[in-house]
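Please find below some notes on the charged side-chain pairs, set out as numbered points for your own reading of the coordinates.

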Amino acid sequence: MARSSATRLLSSLRCSESKRFRPLAVLILDDAALGSDRRAMSTAARAKEEKEPWWKEAMDRVRNIGISAHIDSGKTTLTERVLFYTGRIHEIHEVRGRDGVGAKMDSMDLEREKGITIQSAATYCTWNGYQINIIDTPGHVDFTIEVERALRVLDGAILVLCSVGGVQSQSITVDRQMRRYEVPRLAFINKLDRMGADPWKVLNQARSKLRHHSAAVQVPIGLEEEFQGLVDLVEMKAYYFHGANGEKVTTADIPQNLEALVAEKRRELIEVVSEVDDQLAEAFLNDEPISPVDLRMAIRRATVARKFVPVYMGSAFKNKGVQPLLDGVLNYLPCPTEVENYALDQNKSEEKILLPGTPSGPLVALAFKLEEGRFGQLTYLRIYEGVIRKGDFIINVNTGKKIKVPRLVRMHSDEMEDIQEAHAGQIVAVFGVDCASGDTFTDGSVRYTMTSMSVPEPVMSLAVSPVSKDSGGQFSKALNRFQKEDPTFRVGLDVESGQTIISGMGELHLDIYVERIRREYKVDAKVGKPRVNFRETITQRAEFDYLHKKQSGGQGQYGRVCGYIEPLPLGSPTKFEFENLVIGQAIPSNFIPAIEKGFREASNSGSLIGHPVENIRITLTDGASHAVDSSELAFKLAAIYAFRKCYSAAKPVILEPVMKVELKVPTEFQGSVTGDINKRKGIIVGNDQDGDDTVVVAHVPLNNMFGYSTALRSMTQGKGEFTMEYLEHSTVSQDVQMQLINAHGANKAAE
């Protein structure tokens with residue numbers, strides 16, 4: 001009995017032992033398999049590295065950045081310093097060109113005179129072995145399209161804020177554009193040497209007004225006149241800038257009087273970043289010490305994901321804080337392969353395609369800016385994928401034309417450097433390629449277009465004409481060139497008044513173009529107020545019965561037309577209809593087209609104010625002809641006179657263009673803006689809240705919208721913006737109709 005129980009115990013033990021050891025065998029086997037897997041993986045990685053092309057490291061070492069901000073925040077001055085420290089230029093010149101040279105990036109005479117940037121200038125430089133392509137952009141709201149174009153092709157941006165002015169109206173607009181194009185950004189608080197500089201106030205404004213999730217990565221050592229250097233909160237070192245132009249950067253220990261502030265600000269930086277980065281949050285919650293490398297990696301992840309905005313400080317004019325900002329661009333802004341760019345596949349009804357952004361794919365490049373250079377049209381290209389070489393054939397997807405690349409250059413403001421090829425992620429320019437801004441180029445293997453840039457509609461128009469008749473050729477050449485360069489600048493001809501109408505983003509925008517016509521093409525232009533395109537229509541049916549008879553020796557003229565005119569029903573697709581209901585051969589059928597032509601001609605000019613007549617149907621019911629005297633001309637004249645005779649009996653009215661105006665203004669200005677719209681006879685149809693802004697939608701007659709951009713800016717301290725698009729033509733009130741008829745009569749009498 002005892003023996004059998006002992007046997008049982010032993011056998012159960014053996015069984016459990018074998019069970020316990022079995023997983024070990026499996027584990028050893030698995031580990032062996034894992035080893036072979038690892039070996040295979042490392043071989044694959046090696047093969048990948050061997051394959052991993054020349055471009056991988058080159059792409060990681062490229063940054064495409066823009067510098068944008070409110071007017072006079074110091075964008076161009078900052079770019080000038082960046083170029084100096086990276087060795088692209090060998091001396092520093094100031095904006096406004098007091099020394100007669102002017103900043104490198106403001107290459108137009110007009111820019112140097114007025115001290116403002118009008119065109120985006122492109123340049124590139126190298127810093128610590130990285131290539132940085134920089135686009136310096138304008139801050140004036142009238143040149144918004146320049147900012148839009150620049151941001152469309154950038155991977156990252158620096159938002160410059162003034163330490164005294166803080167977050168200003170255009171900073172808000174530029175930030176909104178950066179959001180639209182999903183551009184990761186750094187903020188740089190400039191002008192710390194000025195009286196009243198307060199970077200912490202500006203940082204709080206950026207958080208409240210721009211809704212930035214941001215924190216400072218530096219603390220200034222002294223402010224205003226005592227501004228000496230900066231403390232880096234990531235590396236925990238102090239930087240001082242020496243030398244004639246601040247080119248010698250020395251590191252030192254943190255000053256004792258700042259230690260407490262630095263510790264507090266570093267903790268704040270870690271807290272803010274850990275809110276949006278899980279890896280850092282884990283270390284922070286476990287109270288682990290956070291090394292500079294960990295913090296830098298976390299800031300980079302959060303910035304590239306557009307969840308965090310690192311804030312740098314300095315004074316570009318006093319040459320302090322620019323080199324650490326350049327390090328920040330390399331450390332925290334993405335390289336071209338880290339940004340998602342989408343193309344639209346034209347073969348698959350504009351399906352969205354994510355571009356990998358590697359040089360090994362098919363060529364996809366976007367023309368984002370055109371300039372008329374000394375050697376013909378210069379086209380700026382951002383290459384999203386593939387490689388472009390001098391002498392290659394490329395295809396413009398928008399027009400289908402095949403073009404050879406005659407010359408490839410890299411731009412440095414208005415100077416250029418010839419190159420043989422360029423790969424994805426780079427910004428280059430080509431010569432002699434005829435295209436429009438926003439066109440996409442490929443090598444022909446794919447039909448992709450990059451999403452079109454949103455071009456705001458022009459909001460202001462002026463009538464222009466050359467003072468002397470001889471300069472007409474140069475005048476039209478100038479207008480054609482400006483139209484190609486700038487999509488917001490439109491040129492049209494008013495058929496009724498014969499005036500050339502230019503339209504743009506505001507008064508300054510159009511003034512600059514009139515000034516450029518004078519300077520660059522030596523043509524003086526007269527500027528006047530344009531005519532609004534009114535229309536006329538009828539409100540009731542009226543009969544006509546007209547006989548045109550003329551006998552003057554030889555063949556005479558004879559034609560009789562009978563019928564009626566009536567208004568077309570609302571919403572009809574055509575503006576003019578002609579119906580022939582003549583039975584039999586009262587009017588021979590070969591004269592009917594001449595009658596229709598006569599009525600169409602007559603409707604080009606109504607009798608109230610001489611504008612075209614719309615929404616009419618003319619029905620021909622009867623008539624008479626003569627075997628000898630009837631002709632096409634006779635019937636055409638009969639139709640014209642018949643129309644004029646019955647027009648007043650049809651109770652004509654004047655129609656004016658009504659615009660749909662969408663305003664976005666800070667809520668505090670809502671009252672004055674809506675009051676002004678009512679004064680302009682506008683009807684408010686929508687009112688919404690969007691964060692701190694109010695969005696108002698109104699229908700306003702175009703005739704009452706002249707000078708509105710200036711009025712809105714003065715009402716909202718420059719913070720309001722509006723878009724205006726044509727909605728419909730609607731009937732004017734009786735008093736306005738009488739005013740227009742009297743004004744038309746007075747003009748006719750004067751002529």
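**Salt bridges in the predicted model**

1. A network of salt bridges links E566, E577, E579 and R617, and it should be kept in mind that the model under discussion is a predicted one.

2. Within that network, R617 pairs with E577 in a salt bridge whose closest N and O atoms are 3.1 Å apart. The two residues belong to distant parts of the chain, since R617 lies in strand β33 and E577 in strand β32 (residues 576–580), 40 residues apart. With a relative accessible area of 27%, E577 is partly exposed.

3. A salt bridge also joins the side chains of E614 and R535, with an N to O distance of 3.2 Å. This pair, too, links distant parts of the chain, as E614 sits in the loop between α14 (592–602) and β33 (616–624), while R535 is in strand β29 (residues 535–538), 79 residues apart. E614 counts as buried at 13% relative accessibility, and R535 likewise counts as buried at 17%.

4. D193 forms a salt bridge with K318, where the closest N and O atoms are 3.4 Å apart. Because D193 is in the loop between β5 (185–190) and α7 (199–209) and K318 is in the loop between β11 (309–313) and α11 (322–332), the pair ties together parts that are 125 residues apart in sequence. D193 is buried, at a relative accessible area of 17%, whereas K318 is partly exposed, at 42% relative accessibility.

5. As for the overall tally, the structure holds 24 salt bridges, including the pairs D193 with K318, E614 with R535 and R617 with E577.

Note on methods. Residues are numbered from 1 along each chain as its sequence is written. This is a predicted model: local features need pLDDT of at least 70, side-chain atom pairs count only at pLDDT 80 or more; totals for chains, interfaces and linings use all residues. Side-chain values use heavy atoms; hydrogens and water are left out. A salt bridge is a side-chain nitrogen of Lys or Arg within 4 Å of a carboxyl oxygen of Asp or Glu. Helices (H or I, at least four residues) and strands (E, at least two) are DSSP runs, numbered from the N terminus. Buried means under 20% relative accessible area, exposed over 50%, partly exposed in between (1.4 Å probe, protein chains only).
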